[in-house]
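Subject: Structure for your files

Hello,

Please find the structure below. My notes come after it.

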Amino acid sequence: MKNVLLLCMSAIKEEGIKENQYVYTLSDGKKQDEVWGFVTNEAPMRYVMKMVFPNKLDRIVIICSNEVSNRKIEISKCNESGKEVGTQRRDSFQEKIQKLFLGKKEFKLLDYYKKLVELETEDYDYVPEYKEIPISDNPEDTEVAEAVINAVNNVMEFPDKDNDIHLYIDYNGGPRYVAFMQVVLAQFLKTRNVQLEQIITMNFGNKQNGKVPLQNLLSIFDSTNLIGSINEYINYGRIKGLKEYFKKAQNKEINKLLDVMEEFSNNLQLCRTSSIMESAGALLEEFETFINKAELEEQSKKDNTYTQLFRYVIRDIQKEFQPLLNKDIAEIIGWCIEKQYIQQALTFCSECLPQYLWDTGLYKAKDEEYKDVLQVIDDVDNKTNGRENPSKELKKAIDEKRKYFSKEEKYAYKWFVQYLPFCFQDDKYLIILSEIKELPNMPEKYKADVKKMSAQIEKKQYLKSCMKKTESEKYDKANENASNNAAKVMWHYENGRVQSKVTEQNKEALEEIIYIYFFMKGQRNAANHADGKKNGFEYADICEVLTYLVKKLKMQNEKRKG
């Protein structure tokens with residue numbers, strides 16, 4: 001482990017330099033200790049040495065302007081008197097300098113600082129290594145950048161390649177641009193796994209019994225990370241930054257909410273649509289519980305910076321995720337497009353649109369048909385029990401079917417995608433148990449009707465204007481497949497198998513939504529296959545079609561509610 005102190009050496013005026021007493025709170029948060037110092041960078045150095053003990057301060061990196069490095073200070077002009085503290089008399093600055101620079105008439109501030117360091121460490125049998133970073137008095141932007149790079153290298157690079165580095169920043173000296181440079185440096189060093197321990201400042205405006213508080217501003221400067229962490233979660237669903245930032249709050253309620261947010265974002269990353277819908281309910285509940293409690297409680301003065309900031313930003317996070325929490329598929333797909341979660345948008349479209357059409361009453365099985373499904377499962381179970389040796393696999397399949405289809409949201413997808421488009425082919429009854437239940441006979445007019453409807457839909461070229469970059473051959477194939485499946489599903493609508501709130505005037509709009517669904521379902525499957533075949537559409541075209549779908553869904557919502 002290496003402990004490093006980074007500072008900017010502050011210029012001084014010879015006249016009127018007084019020694020100040022500084023107070024700081026120990027790590028237990030209760031007890032206090034003190035240090036003394038004349039010049040700006042003196043007390044923080046002593047403070048850091050006490051903080052790292054029994055370890056040593058391995059290196060001090062000093063950013064120093066030309067003026068401070070080269071200027072010689074006349075000892076005779078350092079004429080402030082000493083003072084009595086209790087029963088002891090403390091030296092004046094001049095007396096201190098004279099003892100350190102015997103027989104000299106002038107000194108450099110950097111030399112004074114190093115002698116102080118040596119005095120502090122002589123009892124510990126070590127002297128820190130010094131690294132000086134020169135910078136001009138009025139630097140250009142390029143010089144500041146060079147100084148930052150130079151400082152980074154000197155904070156990190158040790159001969160023994162030790163990469164466990166703990167950094168302390170003395171934030172008190174030098175011009176404002178250097179102070180800002182130190183903050184930028186600290187943020188950059190985090191990418192190199194440097195642990196920023198403290199950013200130390202002196203609060204002269206808030207003296208306690210004449211003593212100047214030394215304060216750690218790390219929580220304040222960490223707030224610059226908060227913005228990035230919020231954006232990371234909102235835009236990319238990644239919560240690592242937020243959890244890392246707010247773990248310092250040491251607040252159980254915050255940690256609980258962050259855990260629920262993490263589960264939600266993990267499901268989002270993995271495109272687990274059903275889990276997303278389930279965790280969205282839990283997340284909304286946790287949001288409301290936390291926010292309501294925060295509004296009722298008067299913020300305690302004991303709350304640390306992190307807790308107060310969390311209470312402030314959590315409303316913004318909830319607002320950004322509200323489209324997902326509302327569970328409206330049009331809003332969800334639109335949100336995914338906005339955040340460039342295109343794989344997630346395709347998955348929501350593919351897996352959740354049938355349920356959306358069912359829930360909104362736009363396209364739903366008649367009640368008697370749904371009830372019949374559950375009855376068929378019971379009938380199959382009874383027949384299976386009548387066998388001499390029913391297989392465990394078949395019994396398990398029956399139990400799973402009953403559990404699966406006991407919820408309408410499970411049945412909606414299977415019915416819409418796996419049954420209706422195929423229910424008049426010579427296959428088994430795909431939804432229930434293919435081993436037993438046979439399909440009904442195909443009506444004579446079904447094939448002819450579907451073929452005619454498919455050709456009519458294909459000619460409408462619903463998405464031709466959206467597909468600007470994808471090869472025409474791919475579009476034509478997708479158009480043919482989507483038209484065929486949409487025709488099969490719409491045939492059931494025309495022949496009374498479906499209950500729907502869609503009026504005759506809006507029938508074509510429903511047809512278009514169903515067509516787009518099957519059109520994009522193929523793209524979701526193509527996006528999931530890493531076989532190297534370029535079967536998918538161009539990214540821009542997929543976004544365009546999904547955006548068009550959202551527009552159509554919202555229009556139907558307005559008509560249905562109106």
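The notes start with how the values were obtained and then turn to the chain, its cores and one strand.

This is a predicted model, in which local features need pLDDT of at least 70 and side-chain atom pairs count only at pLDDT 80 or more, while totals for chains, interfaces and linings use all residues. Residues are numbered from 1 along each chain as its sequence is written, and side-chain values use heavy atoms, with hydrogens and water left out.

The protein chain has 20 helices and 14 strands (DSSP runs, H or I of at least four residues and E of at least two, numbered from the N terminus). Of its 562 residues, 47% are buried (under 20% relative accessible area, 1.4 Å probe, protein chains only).

The largest nonpolar core (buried Ala, Val, Leu, Ile, Met, Phe, Trp, Tyr and Cys joined through side-chain atoms within 4.5 Å) has 96 residues, and Met 261 and Tyr 363 touch the most other members. Helix α13 (residues 342-359) gives the most to this core, 10 residues. Another core, of 42 residues, lies apart from it and includes Leu 7 and Ile 17.

Strand β10 (residues 165-170) has six of six residues buried, so the rest of the structure largely encloses it. Ile 165, Leu 167 and Ile 169 point one way from β10, and His 166, Tyr 168 and Asp 170 point the other way. Strand β1 (residues 2-8) pairs with β10 in the parallel sense over six bridges (pairing takes at least two DSSP bridges); there, Leu 7 has Asp 170 as its bridge partner. Strand β11 (residues 195-202) runs parallel to β10, joined by five bridges, and Tyr 168 stands opposite Gln 198.

Regards

Notes
Buried < 20%, exposed > 50% of the residue type's maximum accessible area, 1.4 Å probe, protein only.
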